Amino acid sequence: MAWVTGSSRGIGRVVADHLASLGAAVVVHGTSAHSTRAFGEAESLAAVAEAIAQANGVDVLPVFGDLGDEGRVAALVSSIHARFGRVDILVNCAGGDVGTLGVTAPNAGSPAHNDALNISVADLRVVLERNLITHVLPCRAIAPQMMARRSGWIVNIGSIAGLRGADSEATYRTAKAAVHEYTRCLAAQLRPYNVYVNAVAPGGVITPRFVVRRGVTEQQKVKDGTLDRYGWPLEIAHAVAFLATGASSFISGQILRVDGGGQLWPA
């Protein structure tokens, strides 16, 4: 059974659908019951769950709430356990370079003055919480049960932005770098318990929000023939599935770039 946070839309939704296609029961999650509407991807989280269930013939539970709220995370985990009994795979996909105004604000919610010095403190706190704390709290809630069973897979979604400094999106880059390091630290702690912890670091991946936020270059909007192109959500889903199954049976604590070879220096 797999819980994919941030799966109401975008990469997370495709990850959830792909894991369901492999036979996993799935929990899909969004910030709200209708966070799916932000870029026209679905009418509701319930509709996403129904579509995945019908397409793959598996049990799918929709849950929603702020993963930066420890009490809300505990409530979500209780509802998941009531339905499925356990979480075998945790994929932390919630995140994004989104400030206080949310994803429906101009520029798809990316903060104003989005650099290392001029971002507002309010936006700084929101971006850090949205991208780091939303990974940490689900891990804190789920990992102890995996440790007790001596079985489980955790895959965090980082970003190549967290592997390179730049004068833009500084807080987002910092948060994703922290996700990468948290992944390594958690992997070290869970290693004796046979629990795998890895991260996937996507490059530019075409989703509805990506198109609104950045626009696209048409010649890079292809699916084969060159690696000098955008990625597609299913390519991220394939990497997640690799890290969440026995195919990666001796791999933990790693940050896997999925960017077509765009970054070729050591992590």
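Trainee: Which residues of α1 meet which residues of α7?

Mentor: In this predicted model, I11, V14, V15, H18 and L19 of α1 meet P233, L234, I236, A237, H238, V240 and A241 of α7. By class, that contact has ten nonpolar, two polar and no charged residues.

Trainee: Why is α1 called oblique to α7?

Mentor: Look at the angle: helix α1 (residues 10-21) and helix α7 (residues 233-243) pack at about 55°, with their axes 8 Å apart. Roughly parallel needs an angle under 35 degrees, and roughly perpendicular runs from 65 to 115. The value of about 55° fits neither range, so the pair counts as oblique. The crossing of α1 past α7 is right-handed.

Trainee: What makes α4 and α5 roughly parallel to each other?

Mentor: Helix α4 (residues 121-149) packs against α5 at an angle of about 15°, with the axes 9 Å apart. Angles under 35 degrees count as roughly parallel, and therefore α4 and α5 earn that description. Here too, the crossing is right-handed.

Trainee: Which residues make the contact of α4 and α5?

Mentor: Among them are L124, V127, L128 and N131 of α4, and T171, Y172, A175 and K176 of α5. The residues of this contact divide into 15 nonpolar, three polar and two charged.

Trainee: Which residues line the second largest pocket?

Mentor: The lining is A187, L190, R191, N194, V195, Y196, S249, F250, I251 and S252. The elements giving two or more residues to this lining are α5 (170-190) and β6 (195-202). Six lining residues are nonpolar, three polar and one charged, and the pocket holds about 240 Å³ of space.

Technical notes. Residues numbered from 1 in each chain as written. Predicted model: local features only at pLDDT ≥ 70, side-chain atom pairs only at ≥ 80, totals over all residues. Heavy atoms only, no water. 1 Å grid on protein atoms, 1.4 Å probe; cavity = no way out; pocket = protein on both sides within 12 Å on 5 of 7 lines; lining within 4 Å. Points joined across faces, edges and corners; volume = space filled by probe spheres on them. Helix = DSSP H or I, 4+ residues; strand = E, 2+ residues; numbered from the N terminus. Nonpolar A, V, L, I, M, F, W, Y, C, P; charged D, E, K, R; others polar. Axes fitted to C-alpha atoms, helices over the stretch in contact; angles between N-to-C directions. Parallel < 35°, antiparallel > 145°, perpendicular 65-115°, else oblique. Left-handed = near helix turned anticlockwise from the far one by under 90°. Contact = heavy atoms within 4.5 Å.
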